Amino acid sequence: MSRVPCMEAVVAVLESEGVDTVFGFPGAAVLPLYAALRRSSVRHVTMGRAAGGAHAAGGWARATGNAGVCVAGSAGTDVITGLRAALADSVPMICVTGQEPGIVEIAGPVTKWAVRPERPAQAPWIFREAFRVARSGRPGPVLVDLPADVQRGACHHDRALDAPLPVELPRPLPQAVRRAVDLVGTAKRPLILAGGGVVTAGAGEELLDLAEHLQIPVQVTLMGRGAFPEDHPLFAGLAGPLARARWGNAVFLESDLVLAVGVRFDGRHAGDLGAYREGRRLVHVDIDPTQFGRVVEPDLGVFGHARPVLAEMVAEARSRTAALQPGRWVRRAGELCRTKARRDDVPIKPPRAFREIDDFYPRDTTFVTAAGLHRIWPDGFPAACPPRRHLACGQAGWEVPAAMGAKCAHPERQVVAVARRLPAEEVAVAARHRIPFVILLVDDGLPDERNDVHRGGARVDHVKAMESSGCPARRVERPEDLRDALAWASREMARTRLPALVEVMVERGADTGPAPGAIKEFEPLPELVTVDWSD
């Protein structure tokens with residue numbers, strides 16, 4: 001076996017792991033790695049800051065299901081927010097730093113593994129293990145810190161004798177599957193709650209089979225968007241403080257059993273745990289056994305990969321009964337899900353803006369959004385999305401670099417970043433690299449508290465900020481102008497191969513709701529008739 005430059009072996013590992021794009025903030029500490037990247041097939045996107053690289057790699061990973069890769073040649077601690085986001089949302093990612101003092105210890109709490117190889121011969125194997133760790137169990141980020149002498153060294157490596165390490169897909173205990181089907185079968189108003197674990201596992205088909213066979217309504221969490229077809233008669237919306245959907249919360253509160261698959265029950269979904277748990281049993285399916293009882297204690301915990309668990313539940317259910325027909329509970333959930341309205345007010349009501357956006361873009365559009373009111377305002381937006389087309393994150397300022405990552409992952413797809421702030425440095429990066437996507441800036445006129453100039457009440461002109469980078473931009477203040485503006489942005493994006501902005505001016509200080517059962521509505525809805533389920 002021949003000796004090759006160590007970084008050449010590392011880049012060969014990246015290529016064989018399916019990485020075609022790396023997002024980096026170069027620096028002298030990683031020059032040997034960059035020299036190897038230049039001789040490879042891997043595309044490099046130079047970011048304006050290390051944090052943007054981490055967010056872009058996260059967007060790439062969420063769009064593909066593979067592990068995204070970012071490099072921080074300097075300012076390594078700037079990637080911590082991106083690593084924390086990937087860990088919280090179970091996103092596989094590899095972050096590479098260059099002998100950053102203390103970075104392994106700093107990154108430990110926000111990664112699955114933080115490591116520094118001590119010898120050149122370790123490096124390709126550590127990267128192989130990094131990808132395996134990032135993808136195994138509950139996926140997450142790994143940080144690899146490369147010392148200068150390791151990067152400059154040589155090692156034995158043969159591409160023909162090297163391949164990705166296997167990832168185990170744990171199967172459930174048969175008795176746990178039987179007990180889960182027992183509990184679901186005895187419930188009068190069962191509800192399936194699909195989380196991000198279903199999307200990660202690629203278990204959408206098995207979920208659909210189980211729901212249709214037993215005729216159980218299905219809700220999704222924010223991270224579970226795309227796990228279940230949202231135009232299906234059994235779809236029952238989202239529930240929780242940030243779902244802001246009265247009908248979704250109503251369905252959840254009337255259920256008497258919840259089968260939660262790949263859900264971590266964080267505050268964005270569960271809200272008031274007393275109201276959340278009262279009156280219903282809970283069956284929790286997860287690949288990470290430490291999640292059982294972490295927030296709420298289940299009546300039954302089923303350990304295993306979501307796809308084999310759901311497949312075995314389907315097989316067990318089919319062995320017991322023929323496919324069921326829609327009953328009273330399914331009809332009731334359908335009635336609740338139809339309680340929506342439409343308003344033409346000026347200033348634009350946020351739900352109206354999102355419905356126009358939903359109506360305009362095709363079903364296979366990739367939407368990228370993050371923390372903030374613009375994630376709480378929509379009621380079931382987007383209305384129907386395939387897996388890995390609704391990319392959400394709990395971190396503010398994530399949308400634009402993540403949209404860049406998603407577009408690099410799938411250049412053929414329409415990518416739309418729904419944001420409330422405009423990071424000018426990332427817009428400039430997208431313009432420089434000719435990465436075209438649409439930015440929908442939902443602006444309620446409130447000052448941006450991150451910038452001192454705003455504390456006096458002044459506002460940035462986002463249209464001019466975009467134009468300063470040579471990018472097309474337009475502002476909309478009336479609901480009837482929204483559709484034309486969206487069509488204009490799509491045309492300009494395609495014509496210029498640049499990001500295009502539509503700034504939508506919405507009602508200032510628009511309302512939100514705190515928890516299930518206490519949602520404040522934007523618009524009058526029909527009163528929900530209380531049903532007596534005691535019979």
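This is a guided tour of the predicted model above, with a selection to make at each stop.

Residues are numbered from 1 along each chain as its sequence is written, and side-chain values rest on heavy atoms, with hydrogens and water left out. Because this is a prediction, local features need a pLDDT of at least 70 and side-chain atom pairs count only at pLDDT 80 or more, while totals for chains, interfaces and linings use all residues.

**The whole chain**

Select the whole chain, which holds 20 helices and 19 strands; these are DSSP runs numbered from the N terminus, helices being H or I over at least four residues and strands E over at least two. Of the 535 residues, 59% count as buried, where buried means under 20% relative accessible area, exposed means over 50%, and partly exposed lies in between, with a 1.4 Å probe and protein chains only. Among contacts (heavy atoms within 4.5 Å) with a separation of 6 or more, residues 24 or more positions apart account for 74%.

**Helix 1 and Ser40**

Select residues 6–16 next, which form helix 1, a mostly covered helix with eight of its 11 residues buried. The buried ones are Cys6, Met7, Ala9, Val10, Val11, Ala12, Val13 and Leu14. After the helix comes Gly18, with a positive phi near 90°.

Now add Ser40, which is found in the loop between helix 2 and strand 3. With neighbours within four places in sequence left aside, Ser40 is in contact with Val11 and Glu15. The C-alpha atoms of Ser40 and Val11 are 7.3 Å apart, although the two residues are 29 residues apart in sequence.

**Strand 2 and its partners**

Move to residues 21–25, strand 2, where four of the five residues are buried. Strand 2 pairs in the parallel sense with strand 3 (residues 43–46) over four bridges, pairing being counted if DSSP finds at least two bridges between two strands. To see one of these positions, show Gly24 with its bridge partner Thr46 in strand 3. Adding helix 2 (residues 31–38) completes a right-handed β-α-β unit made by strand 2, helix 2 and strand 3; right-handed here means that, with the strands pointing away from the viewer, the path from the first strand over the helix to the second runs clockwise. Strand 2 is also joined by three bridges to strand 4 (residues 68–72), again in parallel, and here Phe23 has Cys70 as its bridge partner.

**The five-stranded sheet and helix 10**

Select strands 9 to 13, which form an open sheet in the order 10-9-11-12-13 with parallel pairing. Strand 10 and strand 13 (300–303) stand at the edges with a single partner strand each, so one side of each is left without a neighbour in the sheet. Neighbouring strands of this sheet are turned by 20° against each other on average, direction ignored. Strand 9 and strand 10 are joined over three bridges, with Ile192 opposite its bridge partner Val218 in strand 10. Helix 13 lies across strands 11, 12 and 13, at about 140° to strand 11; such angles run from 0 to 180 degrees between N-to-C directions, with axes fitted to C-alpha atoms, for helices over the stretch in contact.

Then pick helix 10 (residues 204–214), in which Glu206, Leu207, Leu210, Ala211, His213 and Leu214 are buried. Their cover includes helix 8 (174–186), strand 9 (190–194), helix 9 (196–201) and helix 13 (306–320). Gln215 follows helix 10 with a positive phi near 55°.

**The six-stranded sheet**

Another open sheet has six strands in the order 15-14-16-17-19-18, with parallel pairing. Strand 15 (390–392) and strand 18 (473–476) are at its edges, each with a single partner strand, so one side of each is left without a neighbour in the sheet. Strand 18 pairs with strand 19 (residues 500–505) in the parallel sense over four bridges, and Arg475 stands opposite Glu503 in strand 19.

**The largest pocket**

Finish at the largest pocket, with about 850 Å³ of space. On a 1 Å grid over the protein atoms alone, a pocket is an open set of points where a 1.4 Å probe fits, with protein on both sides within 12 Å along at least five of seven lines, and lining residues have an atom within 4 Å of a point. Grid points are joined across faces, edges and corners, and the volume is the space filled by probe spheres set on them. Of the 45 lining residues, Ser90, Pro139, Gly196, Gly197 and Thr200 are the closest to the centre. Helix 9 gives the most to the lining, with five residues, while the elements that each supply at least two include helix 3 (50–64), strand 12 (281–286), helix 13 and strand 15.
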